[in-house]
Amino acid sequence: MVSVTPSASKPNTAQGRFSLRSYLDRWVARGDMPTTVTSTLNAVHDDELEAFLRNLGVAAAFRAGKLKCAFCGTVITFVNLYSVFADSGSVKFACDETECVKALASKIANRAA
Ligand SMILES: [Zn+2]
């Protein structure tokens with residue numbers, strides 16, 4: 001499956017840490033969504049996730065518990081968010097249930113084929 005693996009090129013500078021926000025800014029600006037932003041999100045601080053969701057325009061829905069897993073319908077939270085991916089031009093979420101992780105992987109594999 002395609003994954004985005006951030007790498008900090010200059011770890012000794014304040015800007016060295018991978019910034020999901022700037023990454024997403026570029027993503028949104030280009031209108032060129034990566035296939036998926038995978039579990040690396042789990043290592044992102046909540047503030048970054050908040051910014052990420054705000055950039056996608058779904059922060060309010062997330063806080064209201066209105067974002068659901070595209071596969072099983074479970075409400076997405078900070079705890080169970082496994083992946084954010086683009087599907088048919090809209091943003092979808094996957095929870096970390098084994099079945100959903102598998103479903104996401106096969107979905108991505110099918111699209112890449
Ligand atoms: Zn799910």
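This is a step-by-step tour of a predicted model, with something to select at each stop.

**Stop 1: the whole chain**

Start by showing the protein chain as a cartoon. You should be able to pick out 4 helices and 3 strands. Follow the chain from its beginning, and the pattern reads α-β-α-α-β-β-α. Now think about packing: of the 113 residues in the chain, 21% are buried. Contacts also link parts of the chain that lie far apart in sequence: among contacts with a separation of 6 or more, 51% are between residues 24 or more positions apart.

**Stop 2: colour by confidence**

Next, colour the chain by pLDDT. The mean for the chain is 72, and 58% of the residues reach 70 or more. Which helix has the lowest confidence? Select residues 20-30, and you have α1, where the mean is 51. At the other end of the scale is α3, with a mean of 91.

Two short stretches deserve a look while these colours are on. Over residues 28-32, pLDDT stays under 50, and the model has 2 contacts beyond four places in sequence for them. Residues 38-42 also stay under 50, and here the model has 11 such contacts.

**Stop 3: the hairpin**

Select residues 81-87 for β2 and 90-95 for β3. These two strands run antiparallel and are joined by 6 bridges. To see one pairing, show F85 together with its bridge partner in β3, K92. Then move to the turn: 2 residues separate the strands of this hairpin, and one residue in the turn, S88, has a positive phi of about 50°.

Is β2 largely enclosed or largely open? It is largely enclosed by the rest of the structure, because 5 of its 7 residues are buried.

**Stop 4: helix α2**

Select residues 46-56, which form α2. Show the side chains of F52, L53 and L56, which are buried. Why do these three sit on the same side of the helix? They cover an arc of only 95° around the axis, so they share one side of α2. Just after the helix comes G57, with a positive phi near 80°.

**Stop 5: the largest nonpolar core**

Now select C69, I76, F93, A94, C95 and C100. Within the largest nonpolar core, which has 17 residues, these touch the most other members. Elements giving two or more residues to this core are α2, β2, β3 and α4, the last of which covers residues 98-112. Which element gives the largest share? That is β2, with 4 residues.

Zoom in on C95 and show what surrounds it. Setting aside neighbours within four places in sequence, C95 is in contact with C69, C72, T74, I76, N80, L81, Y82 and C100. Two of these contacts, C72 and T74, are the next places to visit.

**Stop 6: C72 and T74**

Select C72, which is found in the loop between α3 and β2. Is C72 buried or exposed? It counts as exposed, because it has 12 C-beta neighbours inside 10 Å. Beyond four places in sequence, its contacts are C95, E97, E99 and C100. Try a distance label from C72 to E99: these residues are 27 apart along the chain, and their C-alpha atoms are separated by 8.6 Å.

Finish with T74, found in the loop between α3 and β2. With 16 C-beta neighbours inside 10 Å, T74 counts as partly exposed. Leaving out residues up to four places away in sequence, T74 touches K68, C69, N80, C95 and E97. For a last distance label, join the C-alpha atoms of T74 and F93: they are 19 residues apart in sequence and 10.0 Å apart in space.

Definitions and conventions:
Residues are numbered from 1 along each chain as its sequence is written. A nonpolar core is a set of buried Ala, Val, Leu, Ile, Met, Phe, Trp, Tyr and Cys residues joined through C-beta atoms within 7 Å. A residue is buried if 20 or more other C-beta atoms lie within 10 Å of its own, exposed if 12 or fewer, and partly exposed in between; C-beta atoms are placed from the backbone. Two residues are in contact if their C-beta atoms, placed from the backbone, lie within 7 Å. Two strands pair if DSSP finds at least two bridges between them. The arc is that of the directions from the helix axis to the C-beta atoms. pLDDT is the predictor's confidence in each residue, from 0 to 100.
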